[in-house]
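Hi everyone, thanks for coming. I'd like to walk you through a structure that may be new to you, so let's put it on the screen.

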Amino acid sequence: MLIVSEEVCEKLVGRAEAFKAVEGVFAAMARGEARNFPVVREALGHADALYGFKSGFDRAGMALGVKSGGYWPGNSARGLTNHQSSVLLFDPDTGRLKAVVGGNYLTAVRTAAASAVSIAHLARQDAKVLGIVGAGHQSAFQLRAAAEQRDFEKVVAWNRSPEKLESLVTVAGELGLSFEGVTLQELGRQADVIITITSSFEPLLRGEWIKPGAHIACMGTDTKGKQEVDAGLVATAGVFTDEVAQSITIGEAQHAVAAGLIEEADITPLGDVINGVHAGRKGDDEITLFDGTGVGLQDLAVADAAVRKASVEGRATLVRL
């Protein structure tokens, strides 16, 4: 089998490769050519950690495997990222283990790619102000990926601990964008595109704060009980997702569905927009919302891209079990 390290993944898989891989897998899912298997996600009862498995099979890309990992909130104090994961890829013809791939960087870049794909297909073309809710490790990846999709001029951001916004100030400066730390209400008033990337279990954004025509990518809600925006906002928006089954159970839409405000049929796979089956945005004033729950096929797609490039360039380590 091959081993592809975190360092190699960072060198070989950039935003362009991740965007292509994630967009392709969303399209394959919508065509019925790729399927995610049920997610296992549990609290360990140790170190306040959440641990789980995401797996699936993409017949179009011939990627079969599983990502194992989770969230350790105390890791930042140890100089580690809170999210830790590894990806195992298998040969779909034989079932043999094909590769073990470092998953931390790939998780960050694929999550950012997912919101970027949603912006590319759903945000207004004239969007100028980008809003970021949350300033954790993932936020800089989100900002860089989003900035490539529209001609943004300004970034507005909020974080529960305002001092942590400094990392986003630096990235915005590198991208030539002005930056302003604001309240959540002011962020909703200004932003044409909003990315939420927190671990919140209560709504941070309310519908009445959001600018008409805005696009919102909710990227933090991936577990039962988590919530970043109020259910009323979800109910009034055009809702799109990576996978409907996850959206209604562990995604942002879970609360609106539980309250009877929307039904499963009201949620559209983003792959349908990519494939031209659904028109996407209905008009300039519609608020669109992407419920990015984080599907295992995203991880397999970017890990497979890393393995392919590492193999060609001789950067993968071959070992025998």
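I'll start with the whole chain and then zoom in on one residue.

So, one thing up front: what you're looking at is a predicted model. In terms of secondary structure, we've got 11 helices and 18 strands in the chain. The radius of gyration is 19 Å, and the globule rule gives 20 Å for 321 residues, so this chain is as compact as a globular protein of that length. If you draw a box along the principal axes, the C-alpha atoms fill roughly 60 × 40 × 40 Å.

How much of the chain is buried? That's 52% of the 321 residues. And if you take contacts between residues at least 6 apart in sequence, 70% of them join residues at least 24 apart.

On to the surface. The accessible area is about 13,900 Å², with 52% of that belonging to carbon and sulfur atoms. For charges, count 31 positive side chains and 40 negative ones; the centres of those two sets sit 5 Å apart.

Okay, now let's zoom in on valine 101. You'll find valine 101 in strand β7, which runs over residues 97-102. Is valine 101 buried or exposed? Its relative accessible area is 1%, so valine 101 counts as buried.

And who's around it? Beyond the neighbours within four places in sequence, valine 101 is in contact with several residues, including Val4, Cys9, Leu89, Leu106 and Ala303. Look at isoleucine 3 as well: isoleucine 3 and valine 101 are 98 residues apart in sequence, yet their C-alpha atoms are 5.9 Å apart in space.

Definitions and conventions: Residues are numbered from 1 along each chain as its sequence is written. This is a predicted model: local features need pLDDT of at least 70, side-chain atom pairs count only at pLDDT 80 or more; totals for chains, interfaces and linings use all residues. Side-chain values use heavy atoms; hydrogens and water are left out. Helices (H or I, at least four residues) and strands (E, at least two) are DSSP runs, numbered from the N terminus. The radius of gyration is taken over C-alpha atoms; the globule rule is 2.2 Å times the number of residues to the power 0.38. Buried means under 20% relative accessible area, exposed over 50%, partly exposed in between (1.4 Å probe, protein chains only). Contact means heavy atoms within 4.5 Å. Accessible areas come from the Shrake-Rupley method with a 1.4 Å probe; for residues, only the protein chains shown count as cover. Lys and Arg count as positive and Asp and Glu as negative; His and the chain ends are not counted. The place of a charge is taken as NZ of Lys, CZ of Arg, CG of Asp or CD of Glu.
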